[in-house]
Amino acid sequence: MGKKVAKEVSIAIADAVKLARAEVIAAYPITPQTHIVEHLSELVANGELDAEYITVESEHSAISASLGAVATGARTFTSTSSQGLALMHEILFIAPALRLPVVMVVANRALSAPISIWNDHSDIMAQRDIGWIQLWAENGQEAVDLVIQAFRIAEDRNVMFPTIVNIDGFTLSHVIEPVILPEQEEVDAFLPPFRPKYKLDPRKPLTMGPVGVPEIYFEAKKAQDEAFKNSRKVILRVWKDWANRFGREYHPVETYRLEDAEIALLINGSLAETAMTAVDKMREQGKKVGLIRFRLWRPFPIQEFRKAVAGLKVLGVIDRALTPGGVGGPLGTEVRAALYNAARRPRVVNFIAGLGGRDITVEDFEEMADRAAFYMKKRPKEAYETIGVRES
Amino acid sequence: MIPELTKFKGFSVKNLPKEEPLAPGHRACQGCGEILALRMAMKALGTDVIVCNATGCMEIVTSPFPHTSWRVPWIHIAFENAAAVASGVEAALKVLKRHGRFPKNRHVDVVAVAGDGGTADIGLQALSGALERGHDFVYICLDNEAYMNTGVQRSSCTPFGAMTTTSPPGARSIGQMTWKKNVPQIAVAHGIPYVATASPAFFLDLMNKVKKAALVKGPAYVHIYAPCPTGWGTKGEDSIKLARLAVDTKIFPLYEVIEGKYYITRKITKPKPVEEYLKAQRRFRHLTPEIIEEIQRRVDAEYERLLKLAEL
């Protein structure tokens, strides 16, 4: 078992990539992802990680080169944020369709304009339909664990899907936290070398990325969707194995003090830690409040989610992204859709908070829980409410 | 001189490789200059290759699932990123060899293939990045001088005066209003070891250049002229004739740039008038004698410039 050390989370993530023995890294610098790729460059430069680091000229080429590398059979990592993720958009759809299991850390950041380097989830929420497995980390330890797990999940022959680990830019990427980095032997025992069944190899030629005529396109997409949904079995198995080896448990839907709760807040990412403090405070006041966050966002864990919220009266969903002119934030809209046909479901109230680095305080969480309680008896008039915005 | 090149004896009609890495049975148009050039290029390269194909005619006609014309490993990701995908493939081969996960002594040529749009326009950034980083790969541009796959729209490689669906001649237009972008010169500016232009009309020269591009260590760029009967309004059986005429009129000069030094591989001492070339194609049918004269002056000046570069 590794020792607990204090490390900047970005550095710890780079160390996790090294422990996973990534063979190719293709990345383009963008704040707040930079510390991850800088440290990886160092590890490669000083020979601690025997990998090829491709200093591409754009994120579009970062993901394109990554796909070329993983198609050739090398374990491949990339990382980006915000505009960089948006620039990758076109290619992101192609990775899962060709079953190319690259692993990417997204240091979540707001999208322009106005240009903002600060944290929210608008970058990743614009990429919900790309067909990648998507995971969320709340703290540094989770980020380290998820990155190592992501390679095992993505590269499993029954999965073969690219995987994103989301970490909040700055609020998680740039903080120093106590983390346990597993020992190399432990990681090696958990994560076998990448040996894909199909790869670009002159000894066994194959054609990758052919034309999908109308007679075949739909079947190809359905097969992809079925395989994607089936990846959940492997994800659960990998987490079970991880818990057995390292003692840290991971679930598709993570809950906090939810057992007898009437009200719950739902938020993804690192601010769930602040939300926990708010829940503790409200619990002391006798309020039956709990907390939910998605660990697994794609494929959407509908069974676990419905089960988690079944006993609630109101669920306050906190979106950190806006869907202009829509019927709620991306998280709120999707959660409502997931519950619409559920036998038992709470009322759903949708809040938009913390855009472009705006802090969400303990008091903000309390306010949202109180607003949610208010809607226990009264239907909300608006599709969503914004929290923490100055009115003038 | 690069040692790998001095050792290379060259192809002749007596030692042409028998293998066809690009199989017949594809769906290219009759008389397609791209597929002819690509077939020759692949014969020169052999089977120890990985091909990264940009979206375009060659990608479409060779890979309609469940059929494929490729007897070698081949990948298509998107339009603008063939050079970036090739960068990843090359890096992966390097590290896999180091890790003993791919035979150390088996040399594999990584080849990116794209059209003029995928090279000169949308793919220029990825190409520049890959050339600058020094990956050991061959980039082949098959230049048919417009976006033919989407129905003959102009690219930055479309020649001055040419009619395309987005550069139509009209009351205020003579057709394409800009001069052809010189991509080989852009490649040369990256300081890479090998750049060449080639034509399917001179097939041994084309094969030798592609092979040399593969032999040199580091990035190599080969720009291949490829007649398109469909887009140019010419007869399929005239493609090779037209390709020869483009060289003989100095419109598409054949040369190599090895470590920055220019070599003209087919000197044109008795050039044919450009008019002969232009008149043979529907895309230039609307051109007036004045414009043809202007094109002639430009072609002469550019060829003079090339001759001077070769004297350096």
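These are my notebook entries on a predicted model with chains A and B.

**Entry 1: chain B as a whole**

I began with the overall build of chain B. I counted twelve helices and ten strands in chain B. The radius of gyration of chain B is 19 Å, and the globule rule gives 20 Å for 312 residues, so chain B is as compact as a globular protein of that length. I then looked up the spans of the C-alpha trace of chain B along its principal axes, and they are about 65 × 50 × 40 Å. Burial came next: 54% of the 312 residues of chain B count as buried. I also checked how far apart in sequence the contacting residues of chain B lie. Among contacts between residues at least 6 apart, 70% join residues at least 24 apart.

**Entry 2: where the chains touch**

How many residues does each chain bring to the contact? I found 39 from chain A and 41 from chain B. On the side of chain A, the elements that supply at least two residues each are β2, β3, α3, α4 and β9. Of the elements of chain A, α3(A) gives the most, with ten residues. I sorted the side of chain A that touches chain B by class: 21 residues are nonpolar, twelve are polar and six are charged.

**Entry 3: a sheet built from both chains**

I followed one sheet across the contact. Nine strands form this open sheet, in the order β9(A)-β2(B)-β1(B)-β3(B)-β4(B)-β8(B)-β7(B)-β9(B)-β10(B). Its pairing is mixed. Which strands sit at the edges? They are β9 of chain A and β10 of chain B, and each pairs on one side only.

I looked at the joint between the chains. β9(A) and β2(B) run parallel, joined by two bridges. T207(A) has W74(B) as its bridge partner in β2(B).

Further along, I checked β7(B) and β8(B). They pair in the parallel sense over five bridges. One pair to look for is A198(B) with its bridge partner I224(B) in β8(B). Helix α8(B), residues 203-215, lies across β3, β4, β7, β8 and β9 of chain B. The helix runs at about 160 degrees to β7(B).

At the other edge, β9(B) and β10(B) run antiparallel, with four bridges between them. V257(B) stands opposite Y262(B) in β10(B). The two strands form a hairpin with two residues between them. In that turn, E259(B) has a positive phi of about 50 degrees.

**Entry 4: a sheet in chain A**

Next I traced an open sheet of six strands in chain A. The order is β10-β12-β11-β14-β15-β16, with mixed pairing. Its edge strands are β10 and β16, each pairing on one side only. From one strand to the next, the twist averages 25 degrees. Inside this sheet, β11(A) and β14(A) run parallel, joined by four bridges. I263(A) has V314(A) as its bridge partner in β14(A).

Two helices caught my attention here. Helix α10(A), residues 272-284, lies across β10, β11 and β12 of chain A, at about 165 degrees to β12(A). α11(A) also packs on the sheet and touches β10, β11, β12 and β14 of chain A. The direction of α11(A) makes about 20 degrees with that of β10(A).

**Entry 5: the buried face of α11(A)**

Which residues of α11(A) are buried? I found F305(A), A308(A) and V309(A). Down the helix axis they fall within an arc of 85 degrees, so they line one face of the helix. I recalled the general rule: an α-helix has 3.6 residues a turn, so residues three or four places apart point the same way. The cover over the buried residues of α11(A) includes β10, β11, β12, β14 and α12 of chain A.

**Entry 6: backbone oddities**

Most residues other than glycine have a negative phi, and most peptide bonds are trans. I looked for exceptions.

- A cis peptide bond joins S112(A) and A113(A), with omega about -5 degrees. A113(A) lies in the loop between β5 and α6 of chain A.
- The bond from F65(B) to P66(B) is also cis, with omega near 10 degrees. I located P66(B) in the loop between α3 and β2 of chain B.
- R21(A) has a positive phi, near 55 degrees. R21(A) sits in the loop between α1 and β2 of chain A. It has 18 C-beta neighbours inside 10 Å, so R21(A) counts as partly exposed.
- R257(A) has a positive phi of about 50 degrees. Its loop runs between β10 and β11 of chain A. With 16 C-beta neighbours inside 10 Å, R257(A) counts as partly exposed.

Key. Residues numbered from 1 in each chain as written. Chains lettered and ligands numbered in written order. Predicted model: local features only at pLDDT ≥ 70, side-chain atom pairs only at ≥ 80, totals over all residues. Buried ≥ 20, exposed ≤ 12 C-beta atoms within 10 Å, placed from the backbone. Arc of directions from axis to C-beta. Contact = placed C-beta atoms within 7 Å. Nonpolar A, V, L, I, M, F, W, Y, C, P; charged D, E, K, R; others polar. Pairing = 2+ DSSP bridges. Rg over C-alpha atoms; globule rule 2.2 N^0.38 Å. Axes fitted to C-alpha atoms, helices over the stretch in contact; angles between N-to-C directions.
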